[in-house]
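This report describes the model shown below, taking the architecture, the contacts and selected local geometry in turn.

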Amino acid sequence: MTTVPSPTDLDPAGARGADPGGAGRGTGRGRGAAVDDGDAAGLGRWRAAGFVAPAMLVVAVFLVFPAIWTLYLGLTNWRLTGLAAAEPEFVGTENYTDALSDPAFRNSLMLTLAFVFFSAIVGQSILGFALAWVARRLRPAVRSVLETVVLLAWIIPASVVAFLWLALLDRREGTLNALLGTDGTAWLLEYPMQSIIVFNIWNGTAFSMLLFGSALASVPPSQFETARMAGAGTFATLRDVVLPNIRGHILTNTLLITLWTFNVFAPYLITAGGPQGRTEILGIYIYRVALRDGALGQGAALSLIMIIINLIVASVYLRLLRERRS
Amino acid sequence: MTVRAALGAVGRYVFAGFVFVFFALPLLWLLSAPFDTAPSVQVSLPDFTLENFRTLWDNPYAMRSLGNSVLIAAGTMAITLVLAALASYALSRVRIPGRDTLLYLLLLLSSIVTGTAAMVPTFLLMTELGLIDRQLGVVLVLTGGLLPTAIFILKDFMDSTPRSYEESARVFGASSLQILRHVVVPIARPGLATIAVWAVVQVWGNFLVPFILLRSPDRQPAAVVMFTFYTEGGQPNLALISTFSLLFSIPVVVMYLFVNRRYGFRFHGGIKR
């Protein structure tokens with residue numbers, strides 16, 4: 001038996017004593033915070049570090065290291081095959097200047113912006129909110145059926161939903177053409193970007209619906225009551241009662257779906273970036289440049305640009321999250 | 001009921017109807033085609049048969065890939081669960097200096113170093129480590145991506161579990177690992193179950209990581225093999241694709257419904273992806 005002094009006593013490892021100011025910060029956070037530092041199991045700082053270490057090792061090697069290594073890789077002409085695969089050379093910022101002057105990259109960036117804006121920020125947010133808003137006043141059975149199909153679109157694996165959409169939009173026998181009587185319309189060739197935008201709305205709206213559903217549930221019913229007594233219409237209620245209450249949720253939703261949609265790869269399964277790069281959003285573009293065409297150094301530079309954009313969006317979100325929790 | 005209220009109700013149901021059709025339309029094929037004697041890409045009332053499932057059963061790649069998916073998902077889930085439980089328990093009970101910063105830094109990392117953004121360095125790292133075309137490589141990369149969120153969520157669970165049992169166990173001479181295994185794990189079971197299901201759902205549908213890291217068709221999971229079924233050469237075998245899609249989708253749907261019924265949906269930064 002290891003005789004470790006009681007939590008309030010002197011810990012041999014000095015876990016708590018060695019952290020001036022830390023305890024004060026910790027007490028405000030979350031459930032059970034009052035006994036936050038009660039090292040009940042007598043772990044002590046060293047054994048605790050031992051418990052944390054394996055997880056940190058995996059994270060360090062497979063998450064942190066790749067991110068940092070990208071910094072270096074992006075400055076080389078590393079290739080998948082050939083001479084530059086064996087002995088990559090340092091090329092400075094050439095990859096970055098190449099990317100910025102490459103019309104394909106600029107095209108990809110614009111497509112990505114349009115994709116994120118229309119499919120996530122506009123499409124998923126608005127449809128998700130409308131669903132959450134309307135669902136409150138549907139009969140429970142209708143509501144649960146509706147929510148279930150929206151959820152199914154979200155949870156079924158990407159390779160399956162991609163094929164479902166290929167079948168739906170098929171030129172010759174597709175269900176959509178049969179329904180609309182638009183026989184022979186090749187949706188994925190004529191409207192490729194619109195198609196993957198609608199696909200992504202279909203695919204991801206569930207999250208916004210769930211988030212806004214819980215946001216609306218948190219609005220005090222008395223406020224709705226007051227609005228109704230005052231004879232406020234739907235629009236006035238939304239503006240004066242709902243909006244002020246769910247501002248935080250709107251921001252959270254926008255940031256998260258922006259981040260996710262920016263990193264989406266599923267459209268590759270439907271259009272593979274085509275026709276002629278017209279749906280080549282950033283992830284697909286990186287895949288083509290680095291792994292299909294083999295320009296790994298160039299791809300690493302693009303990866304870094306993507307990671308930095310992610311970093312900007314994610315740090316805004318985490319700042320918010322942290323403020324709310326403390 | 002006033003006219004306005006009635007109109008509102010009609011409007012709601014009309015909207016709900018349209019949205020239902022929008023979401024259900026692509027999904028219908030998944031229910032009709034697998035049971036059709038001559039499945040086409042169009043949705044139609046099936047001329048009922050189960051023969052397509054024999055086609056699936058007889059396809060060596062399909063069944064093996066589902067086995068691979070199980071292997072990769074189970075492996076990732078197991079490693080994530082064990083490492084996250086150890087780490088979150090220690091972080092919950094002992095104030096390691098810089099703990100809060102560490103947790104947020106981890107969460108930040110996992111949301112910016114995504115499979116898509118980091119595909120190039122990940123691919124190169126695995127090549128250098130000799131883990132290309134090995135399922136272990138896929139498991140490790142996926143575990144690295146899931147661990148931060150898993151630790152973050154589990155720490156919340158651990159924070160809310162009572163400590164008095166641990167103290168008693170210690171009085172009776174249990175070691176830290178014994179306490180974790182026999183006292184903490186049973187109490188934190190709902191949290192661990194959530195993380196386990198979440199991890200499996202994440203990995204089960206993941207396409208990109210196995211797609212770039214695995215070459216041999218006999219090692220690829222269902223997500224990748226499914227894609228090759230409809231992209232590689234000639235007329236796609238719809239009997240095979242439809243039954244395979246259905247079989248491949250059922251596990252995640254069942255798990256999700258289970259978690260939803262049991263615990264409801266919870267919101268933690270980035271729980272889904």
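## Basis for the area values

Buried area is the accessible area, taken with a 1.4 Å probe, that two parts lose on being put together, summed over both. The structure is a predicted model, and the areas below are computed from its atoms.

## Architecture of chain B

Chain B comprises 12 helices and zero strands. Read from the N terminus, the order of its elements is therefore α-α-α-α-α-α-α-α-α-α-α-α, with helices defined as DSSP runs. The C-alpha trace of chain B extends over about 70 × 70 × 35 Å along its principal axes.

According to an unreviewed UniProt entry, the annotation "transmembrane region" applies to residues 12-31, 70-91, 103-124, 136-154, 191-213 and 238-259 of chain B. Two of these segments can be described from the coordinates. Residues 70-91 of chain B are 100% helix and 0% strand, with 31 Å between the end C-alpha atoms. Residues 136-154 of chain B are likewise 100% helix and 0% strand, and their end C-alpha atoms are 24 Å apart.

## Domains of chain B

The domain assignment divides chain B into domain 1 (3-48) and domain 2 (60-263). Their C-alpha centres are separated by 33 Å. Domain 1 of chain B and domain 2 of chain B each bring eight residues to their mutual contact.

Between them, domain 1 and domain 2 of chain B bury about 620 Å², and carbon and sulfur atoms account for 87% of that area. On the side of domain 1, the three residues that contribute most are Trp29(B), Leu30(B) and Pro34(B), which together supply 63% of the area that domain 1 buries against domain 2. Between the two domains of chain B there are zero salt bridges and zero residue pairs in polar contact, counting pairs with both residues at pLDDT 80 or more. By class, the side of domain 1 of chain B that touches domain 2 has seven nonpolar residues, one polar residue and no charged residues.

## Interface of chain B and chain A

The contact between the chains involves 104 residues from chain B and 122 residues from chain A. Together the chains bury about 10,100 Å², with 74% of this area on carbon and sulfur atoms. Helix α1 (residues 3-32) of chain B gives the most to the side of chain B that touches chain A, namely 15 residues.

How many salt bridges does the rule find across the interface of chain B and chain A? The count is zero. Polar contacts between chain B and chain A, in contrast, number 10 residue pairs, with both residues at pLDDT 80 or more. The residues of chain B that touch chain A divide into 68 nonpolar, 20 polar and 16 charged.

## Salt bridges

Over all chains, the count is 11 salt bridges. One pair that meets in this way is Arg228(A) and Glu225(A), whose side chains have an N to O distance of 2.8 Å. Side chains of opposite charge can pair when their charged atoms come close. Arg228(A) and Glu225(A) are separated by about one helical turn, because they are three residues apart in helix α11 (residues 221-229) of chain A.

## Local backbone geometry in chain A

Most residues other than glycine have a negative phi, and most peptide bonds are trans. Two features of chain A depart from these patterns. The peptide bond that joins Gly274(A) and Pro275(A) is cis, with omega about -5°. Pro275(A) is located in the loop between α13 (267-271) and α14 (282-292) of chain A.

Ala272(A), a residue other than glycine, has a positive phi near 55°. The loop between α13 and α14 of chain A holds Ala272(A) and also Pro275(A).

Technical notes: Residues are numbered from 1 along each chain as its sequence is written. Chains are lettered from A and ligands numbered from 1 in the order in which they are written. Side-chain values use heavy atoms; hydrogens and water are left out. Contact means heavy atoms within 4.5 Å. A salt bridge is a side-chain nitrogen of Lys or Arg within 4 Å of a carboxyl oxygen of Asp or Glu. A polar contact is a pair of N or O atoms within 3.5 Å; within protein, one must be able to donate a hydrogen and the other to accept it, and residues adjacent in sequence count only if both atoms are side-chain atoms. Helices (H or I, at least four residues) and strands (E, at least two) are DSSP runs, numbered from the N terminus. Ala, Val, Leu, Ile, Met, Phe, Trp, Tyr, Cys and Pro count as nonpolar, Asp, Glu, Lys and Arg as charged, and the others, Gly among them, as polar. Domain bounds come from an automatic or database domain assignment. UniProt positions are given in the numbering used here, feature names are shortened, and annotations may be inferred rather than shown by experiment.
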